[in-house]
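Trainee: I would like to learn how to read salt bridges in a protein model. Could you walk me through some?

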Amino acid sequence: MGAGVRSTRSTRTALRAPWIGLMTSTMLFTMRSRCAVTLAVAASALTGLTVTGSAALGSPASAAPGSRPVHDLDGDRSDDVVVGAMGRLGLRLSTAGLVRLEATASSFSAESMAIGDFDGDGDDDLAGGDPWATVGGVSGAGEVWVLPGATGGPNTGAVTRIHQDVAGVPDDAERGDHFGAALAAADFDGDGFDDLAIGTPDEGIESRGVRAAGSVTVIPGSASGLVLDDGRLVVQVVTAAPELPEPEDRLGTALAAGDVTGDGVADLAVTAPGDRAEGARESRRGAVFLMPGATARGVTGTTASVVRADDLTRLLAAAGFDGGLAVADVTGDGHAEVVTGTWGRGCGGVFVLRGGGGGIRAASAQYLDQESPGVPGACEIGEFWGAVVAAGDLTGDGHAEVVVGNPSESVGDREAAGAYLVLRGSAAGVSTAGSVMVTQDSTHVSDRVESGDHFAAAVALHDLDGDRRADVVVGAPAERVDGELTGWVAGLLSGPDGRVSATAFTFTGRDLGTSGVPVWGVGKPIG
């Protein structure tokens, strides 16, 4: 049985917000091609290139090694891979190899993705967010589509679309809200069914005259699928934040899920990159909210713990929470950490916020960048180190590694070739000892470094070979084949030291019939 959507009543709250700008859940960045890349793979949480899995996967990155596959779309108990591009989906199913899905030209547009079993039938379902969709003539209102999983592969004939004009979904579809800009799937109420969290970063609160405050809609799963009647709208005003929502906070820009509090129920991490500290007039450096899940109650936001970038000035005065987001247990203590990147200032960096029974707090935060001792590479102004982050156990030692993508990394004299970095997890947090940098010239990576490829513009973690260790799926959206801009996606197997041990697969836009599409792996160009 696939993911259904049930609705019997309507709830409305008047929220409005003009479009000013949007950064999606794992990463939206402006590179020379001015394109946003989203890569989603079956097993982690991230946006930018969309690989279903990490930020784009937007799913719990803290699943224990050996547990049921996080992204099993065809019911064979092996993880599957999804890549979205320009109204199409490419699925690498463990049962059928590479499959191309397209119904209509716009059926599968996605700037964000999440995979979860919304109806508990054992086959994971795929949700994709198209925040630019026009709904009832309203441009940029945004929508989310749900493709139910099934034995042998997803049921393309049962796609369901969710937007804020669907009966039962809180609020109304409004111009420039960008509903679906970020997604996360996890069981937030402990009932055995995955729930879907949807970010709407440009939602406004009309009653307060607050534009682009942002919101998150949480829709619970059930035996009959997602239940829109029970959808809950979460805004900053109902959290434990020390001040009310403000214009351009953009709560819901990035979402990630995992058990941060250690109570066995998934929690929801949410960024608001425009948030500013109380009393600050100029600083908009952002905040991360941890909204705990709870048995029977789910995510309400009422007991959220908050860490603001301004709380971390001792670490880096110029940094802000505007990069990627992931959740995984780095320390191995049963409490997942929240990992968030900063790329819009300086040369970029990564914050690791320690998990605990009370949520997250600034006092125990770590900060790393390419000037940190033991981190390969060099800090160069204008790079995107931290724009892409993923977290999962690559080594099998019970500690999640942090993978940081830098699509603008120069390799030798080849500018913007791209690279990703693996930082090891330990009981004390992220360690730089044994850090690994991977480029397209690295051993066992079946390609070569070229200027402008933007390798690692999207990264997601996923167990590709069933060895109970996470592997890396990575995209290079500006890769050229015979001079044609097609993009390139690869699955790289991880060895016990976190290094690449083999290439499991590669494909380009040509393999999925995307001739004429300028960049494979890219959603709609974002200006």
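Mentor: Gladly; what follows is a short tour of salt bridges. This is a predicted model, where local features need pLDDT of at least 70, side-chain atom pairs count only at pLDDT 80 or more, and totals for chains, interfaces and linings use all residues. Residues are numbered from 1 along each chain as its sequence is written, and side-chain values use heavy atoms, with hydrogens and water left out.

Trainee: What counts as a salt bridge, and how many salt bridges are there by this rule?

Mentor: The rule asks for a side-chain nitrogen of Lys or Arg within 4 Å of a carboxyl oxygen of Asp or Glu. The count comes to 13 salt bridges.

Trainee: Which residue forms a salt bridge with R354?

Mentor: That partner is E337, with the closest N and O atoms 3.8 Å apart. R354 lies in the loop between strand 22 (349–353) and strand 23 (366–368) and E337 in strand 21 (residues 337–342), so the pair ties together parts 17 residues apart in sequence. Strands here are DSSP runs of E, at least two residues, numbered from the N terminus.

Trainee: Is E337 buried or exposed?

Mentor: Buried means under 20% relative accessible area, exposed over 50%, and partly exposed in between (1.4 Å probe, protein chains only). E337 is buried at 1%, while R354 is partly exposed at 29%.

Trainee: Which residues are linked with R424 in a network of salt bridges?

Mentor: D397 and E401 are linked with R424 in that network. For R424 and D397, the closest N and O atoms are 3.9 Å apart. R424 is partly exposed at 21%, and D397 is partly exposed at 37%.

Methods
Helix = DSSP H or I, 4+ residues; strand = E, 2+ residues; numbered from the N terminus.
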